[in-house]
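Colleague: Before I use this model, I would like to know on what grounds each label was given. May I ask for the reasons behind them, one term at a time?

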Amino acid sequence: MATLMDDAAVAQRVLDHIRNGTTDLGLGLWREPVANYRSEPRLDAEIELLRKLPTPFCPSAALPRAGAFVSREAAGTPLLAVRDLEGRVRVFRNACRHRGMPLAEGAGCAKAFVCRYHGWTYRLDGRLRHIPHEHGFPGLDKDVHGLVPVSAQERLGLVFVTQDDASQHADPCAGLPELIASHEQLLASNEQEFEVNWKIFLEGFLEGYHIRSAHRDTFYPYGFDNLNLMETCGRNSRVTFPFQRIQQLIDVAPEDRRVKGLVTYVYHLFPNALVTVLSHHTALVVLEPVSVDRTRLVSYSLADCGNDPEALETSKRDAAFVNETGAAEDRDIVCAIQRNMASGANEVFTFGRFEGAICHFHRNLTAALDEGTRGAIIVK
């Protein structure tokens, strides 16, 4: 499996591209039928795939202590993640075993989960602890009426969940670096719905070909026109967006070059999550399909601020700038594409060699849907 470049190699490749007026190029084109963005059966198959694959649910930093929990829908399924008394993250289907009532909403901290319908109470490890007026349920075995777990693992600063068939999958993190450091703190989280197919939304993160025309007054003044690095790691990929200030490394010895603050890394975690590493904060973005033309964006902002209030304000400003300017422009564009989907102008969307990470995504998604998830990794 391919490994990602280190700082020195990233810096050298970017500087070479600046000198030569070039950029990374994919190996070929990909033509994606527009029908695949509009088909209900196709969406159903994609959601089924999301349930079978290990996918990021939240950052570990969202569960900082025993009792901390996060609840939300993932691939249409209500889930509840919680850190238990031993420090282990557990994820359950968010439904009481009595009548199916959700046990938690949003995020918070709890000593136990109490159903607000009839008061059935569950420990942090999911075991059923208490049934009010238990004599009314003769013979009920509390040991088999705990919350229903789904497979969960903490890797690279993220909590991954696998809802179905957890035993058959390769390591989703193989070859990736630590994405969210253990000392990073959660700044904010948010959920919003947008009227756009999840794949159109995703594609906007995975190429820099649009930077000059789409972000002329926001991102472009700090970056380059169509200069990106594109690497793959199994099904996953990384796109590097360099800032103009990376040119300060020209006179630095190659072995001493560091790119923190000089590039933005966008890691695509197949199929539907991204980790963006920016100058002063890191973000986890999960794109949850709601319908063929609607996506729920789940986002978390994190930073390494310690107890420094100035660093905290800098991180918040960095996150606000990204979300309120360039990211807002991207959201407007992808929603406009969705509104125009029924125009009949395109039977296929053609992704070129500047859009290699998008081609890589669609190759792997098509393979996974056609062949099942076992052995469907394509590395190109």
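Modeller: Let us start with proline 271, which is found in the loop between β15 and β16 (273-277). The peptide bond that leads from phenylalanine 270 to proline 271 is cis, its omega being near 0°. This is a predicted model, in which local features need pLDDT of at least 70 and side-chain atom pairs count only at pLDDT 80 or more, while totals for chains, interfaces and linings use all residues. Residues are numbered from 1 along each chain as its sequence is written, and side-chain values use heavy atoms, with hydrogens and water left out.

Colleague: What makes a run of residues a strand or a helix here?

Modeller: Both are DSSP runs numbered from the N terminus: a helix is a run of H or I with at least four residues, and a strand is a run of E with at least two. By that rule, residues 158-162 are strand β11 and residues 7-20 are helix α1.

Colleague: How do you know that β2 and β11 pair?

Modeller: Two strands pair if DSSP finds at least two bridges between them, and β2 and β11 are joined in the antiparallel sense over four bridges, so the criterion is met. One of the contributing residues is cysteine 58, whose bridge partner in β11 is valine 159. These strands belong to an open sheet of seven, antiparallel in its pairing, with the order β2-β11-β10-β5-β4-β3-β6.

Colleague: What makes β2 and β6 edge strands?

Modeller: Each of them, β2 (55-59) and β6 (107-109), pairs on one side only. The twist from one strand to the next averages 30°.

Colleague: Which order do the strands of the other open sheet follow?

Modeller: That sheet, with seven strands in antiparallel pairing, runs β12-β18-β17-β16-β15-β14-β13. Its edge strands are β12 (185-194) and β13 (229-233), and its twist averages 15° from one strand to the next. Within it, β14 (residues 236-242) and β15 (residues 263-269) pair over six bridges, with arginine 238 opposite tyrosine 267. Helix α1 packs on this sheet, touching β13, β14 and β15, at about 140° to the direction of β13. Helix α7 (residues 356-371) lies across β13, β14 and β15 and runs at about 170° to β14. Contact means heavy atoms within 4.5 Å, and the angles, from 0 to 180 degrees, are taken between N-to-C directions of lines fitted to C-alpha atoms, for helices over the stretch in contact.

Colleague: What makes one empty space a cavity and another a pocket?

Modeller: On a 1 Å grid over the protein atoms alone, a cavity is a set of points where a 1.4 Å probe fits but cannot get out, whereas a pocket is an open set with protein on both sides within 12 Å along at least five of seven lines; lining residues have an atom within 4 Å of a point. The search finds two cavities of 30 Å³ or more, with about 100 Å³ in the largest and about 50 Å³ in the second largest. Such a volume is the space filled by probe spheres set on grid points that are joined across faces, edges and corners. Among the 16 residues lining the largest cavity, Asp24, Asn228, Met230, Phe354 and Gly356 lie nearest its centre.

Colleague: How many residues of each class line the largest pocket?

Modeller: There are 24 nonpolar, 19 polar and six charged residues, where nonpolar covers Ala, Val, Leu, Ile, Met, Phe, Trp, Tyr, Cys and Pro, charged covers Asp, Glu, Lys and Arg, and polar covers the others, Gly among them. This pocket holds about 1200 Å³, and α6 provides eleven residues, the largest share of its lining.

Colleague: Why is histidine 133 called exposed, and why is leucine 156 called buried?

Modeller: Buried means under 20% relative accessible area, exposed over 50%, and partly exposed in between, with a 1.4 Å probe and protein chains only. Histidine 133 is therefore exposed at 64%, and leucine 156, at 17%, counts as buried. Histidine 133 has a positive phi of about 55°, and the phi of leucine 156 is near 60°. Most residues other than glycine have a negative phi. Histidine 133 is in the loop between β9 (128-130) and β10 (149-155), while leucine 156 is in the loop between β10 and β11.
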